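I opened this model to look up its overall make-up, its empty spaces, its nonpolar cores and its unusual backbone angles. My entries are below the display.

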Amino acid sequence: MKSLIRTASVAATALLLGLSATAIARADDKPTLAFVVNGASDFWKAAEAGVKKAQGELPDYNLELKYPEQSSVAIQQRLMDDLVTAGVKGIMVSAVDPKTSTDGLNKIASETALFTTDSDAPQTKRVAYIGSSNVDAGKQAAEIAKKAMPNGGKCLGFVGLLGADNAKERIQGMKDGLAGTKIELIDVRGDDIDQARAKKNVEDALVASPDVTCMVGFYSYNTPRIYEALRDAGKLGSITVVGFDDDPITLGGVKEGTVAATVVQQPFEWAYQGMKLMAAYLKGDKSGIPEGGLIIIPTKIIGKDDVDTYAANLKAMSGN
C-alpha cells in the first residue's frame, strides 16, 4: 500500500511539475501575429516573403501566414476562430466576402486586433486596411484596354469572388475608366477561386460570346487561365487580354505581346508593412494608423518593356 501511495505521490508531483513547465513555456511564448489569405493562390507567395522579412525585424513575435482549406466565408471564419482560441494577438485578413461576414469579423475584432488587406471590410471594427485602392486598379485596367483597343470593343471579365470588395471595386473602377469610350465591360463571370472552373468559364465564353474582343482577368490566376484557354483554342493574339497581378504566365504573356499589360499590386509590402504595423499597434504605438484607417499601397501598370526589371525586383524581394 505504501508503495502505491509513494507511486501516486510521485505521479502527482510529476504532473504538477509538468503543468508548471507548461505554464512557464506558455508565459515565455512570443505573441503571434497571423496573415490570413482568402484562398490558395500563387499570388500570396510574395506576401509569404513579406512576412518572412518582417519576422527578421520582429524577433519578439511569431509571424504566420495562413491559408484556409477552401475559399469560403465559413472556413475562413473557422480558421480565424481557431487562431484566436490559440491566443493569436493580431490578425490581418483578406476577407472572402466582407458584406456577409460583418458579424463574424466583428467577433474576431472583439477578441484580437483585426486588420484587413486586399479586400477591406470598412463596415466592421477592423483597426485599419493596408492594401491597394482597387478602384484605382480598375481604372488602370481601363487605361490598358483603351490603349490596346483605340477603336473600341466588348470586354468580358473573370474573377474569383464576385461578392468580395476587391472584385466589386476593380470592376466598378474599370467601368468608370471606360465611361464615354467605345469599349464596354459587358459581364463578369465568377469562379469561387476554383481554377478549373476559371478556365472553363473562358472556354464557355469563347463559344457563347463570339463577339467578345477583350478578356479581363481580375484575380491573379484568372489571366493565366484566360491565356491557357485562348492558347488551346488557337486564339492567342486575336483577343485583347488585360491582366491583374504578376503570375509568371501573365508576365510571360505581357513580354510576348499576347497580354496587353497587367496591373500589379504589392502583396509583399502589404505583409511586410502590415506585420510591423500590427506589432507597433499592440505595443501601444498607434501613430501608423491614419484617420479613416486606410493605408494605400499604389498599384502600377506593367507593360512589355517593364517585365524584365519587374521580375528581377520580385526575385530580389523573395530572397531568391
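The entries go from the whole chain to single residues.

**Entry: ground rules**

I am working with a predicted model, in which local features need pLDDT of at least 70 and side-chain atom pairs count only at pLDDT 80 or more, while totals for chains, interfaces and linings use all residues. Residues are numbered from 1 along each chain as its sequence is written, and side-chain values use heavy atoms, with hydrogens and water left out.

**Entry: whole chain**

I find 11 helices and 12 strands in the protein chain; these are DSSP runs numbered from the N terminus, helices being H or I of at least four residues and strands E of at least two. The C-alpha trace spans about 95 × 45 × 40 Å along its principal axes. Of the 320 residues, 51% are buried (under 20% relative accessible area, with exposed over 50% and partly exposed in between, for a 1.4 Å probe and protein chains only). I also looked at contacts (heavy atoms within 4.5 Å): among those between residues at least 6 apart in sequence, 73% join residues at least 24 apart.

UniProt, in an unreviewed entry, places the feature "domain: Periplasmic binding protein" at residues 34-286. Its positions are in the numbering used here, feature names are shortened, and annotations may be inferred rather than shown by experiment. I note that this span is 45% helix and 19% strand, and that its end C-alpha atoms lie 19 Å apart.

**Entry: pockets**

I used a 1 Å grid over the protein atoms alone: a pocket is an open set of points with protein on both sides within 12 Å along at least five of seven lines, a cavity is a set where a 1.4 Å probe fits but cannot get out, and lining residues have an atom within 4 Å of a point. Grid points are joined across faces, edges and corners, and a volume is the space filled by probe spheres set on the points.

The largest pocket holds about 550 Å³ of space. It has 24 lining residues, with D42, K45, D246, P248 and L314 nearest its centre. Helix 2 (45-57), helix 9 (248-256), helix 10 (267-282) and helix 11 (307-318) each give two or more residues to this lining, and the largest share, five residues, is from helix 11. I count the classes as 11 nonpolar, five polar and eight charged (Ala, Val, Leu, Ile, Met, Phe, Trp, Tyr, Cys and Pro are nonpolar; Asp, Glu, Lys and Arg are charged; the others, Gly among them, are polar).

The second largest pocket has a volume of about 310 Å³. Its lining has 17 residues, and I144, A148, V259, A260 and A261 lie nearest the centre. Helix 5 (134-148) and strand 9 (240-244) each supply at least two of them, with helix 5 giving the most, four.

**Entry: cavities**

I get two cavities of 30 Å³ or more. The largest has about 130 Å³ of space, and N38, F43, W44, Y219 and S220 are the closest to its centre of the 15 residues that line it. The second largest, at about 30 Å³, is lined by V73, Q76, Q77, M80, A95, S101 and L105. Helix 3 (residues 73-85) provides four of these, the largest share, and no charged residue is in the lining.

**Entry: cores**

A nonpolar core here is a set of buried Ala, Val, Leu, Ile, Met, Phe, Trp, Tyr and Cys residues joined through side-chain atoms within 4.5 Å. The largest has 31 residues, and F35, L63, F115 and M275 have the most contacts inside it. Helix 10 gives the largest share of this core, eight residues. Leaving aside neighbours within four places in sequence, I find M275 in contact with L33, A34, F35, V51, A54, L58, L63 and M92. A second, separate core of 29 residues includes A137, M174, I183 and Y221.

**Entry: positive phi**

Most residues other than glycine have a negative phi. I193 has a positive phi, near 55°, and sits in the loop between strand 7 (183-190) and helix 7 (195-208). I193 counts as buried because its relative accessibility is 15%. D245 also has a positive phi, near 75°, and lies in the loop between strand 9 and helix 9. At 3% relative accessibility, D245 counts as buried.
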